[in-house]
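This report is meant for a reader who is meeting the structure for the first time. It begins with one buried position and then turns to the ligand and its surroundings.

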Amino acid sequence: MSTIAEKIRILRERIAETCAKLSRNPAEVAIVAVTKTVPPQRIQEAVDAGIQILGENRVQEALSKVGSVKGDITWHMVGHLQRNKVKKALDIFDLIQSVDSYDLAREIDCHSRQRNRRTDILIEVNTSGEPTKFGIRPDEALDLVSKLVEMPNINVVGLMTIGAFTDDEGTVRKCFSTLREISETIRSSFKNLDLRWLSMGMSADYIWAIQEGSNMVRIGTAIFGER
Ligand SMILES: *Cc1c(COP(=O)(O)O)cnc(C)c1O
């Protein structure tokens with residue numbers, strides 16, 4: 001068994017153990033394998049081991065890889081997206097996890113309309129308040145959603161956040177509980193919105209994220225090793 005397959009097996013086991021304690025179904029937790037800096041052959045190993053969603057941070061890097069990875073996979077954009085890269089991004093990505101402004105959403109809506117598609121997006125929220133992180137402020141979420149639901153070629157299907165950069169459990173979990181609370185607020189205001197995904201949790205903190213309700217974890221290091 002390759003080390004990547006072995007790491008994925010361990011990851012799935014830990015997710016299953018965590019879910020068991022919460023009486024949650026582990027099949028509800030989607031794994032996005034984050035493949036920045038990982039060459040296509042190693043990405044292929046992960047796909048052959050059952051990974052179905054791949055996440056990339058940069059449009060250019062993703063463009064150089066998509067053709068080389070084969071299988072039943074979807075690609076998610078998880079990094080900051082510049083408006084002038086939206087066109088290219090839509091050539092590759094099935095879902096954009098990092099929508100953090102009205103203008104970016106509008107651009108995705110426009111280019112999606114030209115292609116006759118509806119693009120699934122997540123809204124990225126900066127729940128830690130760290131200035132180095134992208135994402136809207138928690139108190140901006142409801143207003144942004146109210147504008148995005150008017151865009152015909154965008155589907156808002158969830159929220160994404162990155163936990164605080166610390167190993168203090170309370171601080172990190174607060175970020176995740178904040179995102180869950182925002183999603184509950186949005187759901188109660190927009191009853192027709194199918195806000196399915198809470199994308200939160202990376203290699204260092206995915207267990208806490210699942211404990212706070214995550215159903216989409218974005219994992220790089222724990223699958224592919226240190227970058
Ligand atoms: C790199 C990255 C990840 C994965 O990080 P690891 O700590 O390697 O698991 C997840 N989400 C985003 C947005 C990233 O940029």
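## A serine in a loop, and the ligand site

The side chain of S214 reaches the backbone oxygen of M216 at 3.2 Å, and the side chain of S214 also reaches the backbone oxygen of M200, here at 2.7 Å. These distances belong to a predicted model. S214 has its place in the loop that lies between helix 8 (206-211) and strand 8 (216-219). Is S214 buried or exposed? With a relative accessible area of 0%, S214 counts as buried, because the cut-off for that term is under 20%.

The ligand, for its part, sits in the largest pocket. Around the ligand are the residues V34, K36, N57, V78, I162, M202, S203, R218, I219, G220, T221 and R227. By character, the residues of this shell divide into five nonpolar, four polar and three charged.

Three of the distances between protein and ligand are set out in the table below.

| Protein atom | Ligand atom | Distance |
|---|---|---|
| R218, polar side-chain atom | nitrogen | 2.9 Å |
| G220, backbone N or O atom | oxygen | 2.8 Å |
| R227, polar side-chain atom | oxygen | 2.8 Å |

Taken alone, the ligand exposes 390 Å², and the protein buries 90% of that area. R218, G220 and R227, the residues of the table, are also among those listed around the ligand, where R218 places a polar side-chain atom 2.9 Å from a ligand nitrogen, while G220 approaches a ligand oxygen through a backbone N or O atom.

Conventions. Residues numbered from 1 in each chain as written. Predicted model: local features only at pLDDT ≥ 70, side-chain atom pairs only at ≥ 80, totals over all residues. Heavy atoms only, no water. Near = heavy atom within 4 Å. Polar contact = N/O pair within 3.5 Å; in protein donor to acceptor, adjacent residues only side chain to side chain. Areas by Shrake-Rupley, 256 points an atom, 1.4 Å probe, with all protein chains shown as cover. 1 Å grid on protein atoms, 1.4 Å probe; cavity = no way out; pocket = protein on both sides within 12 Å on 5 of 7 lines; lining within 4 Å. Sits in = over half its atoms within 2 Å of the grid points. Nonpolar A, V, L, I, M, F, W, Y, C, P; charged D, E, K, R; others polar. Helix = DSSP H or I, 4+ residues; strand = E, 2+ residues; numbered from the N terminus. Buried < 20%, exposed > 50% of the residue type's maximum accessible area, 1.4 Å probe, protein only.
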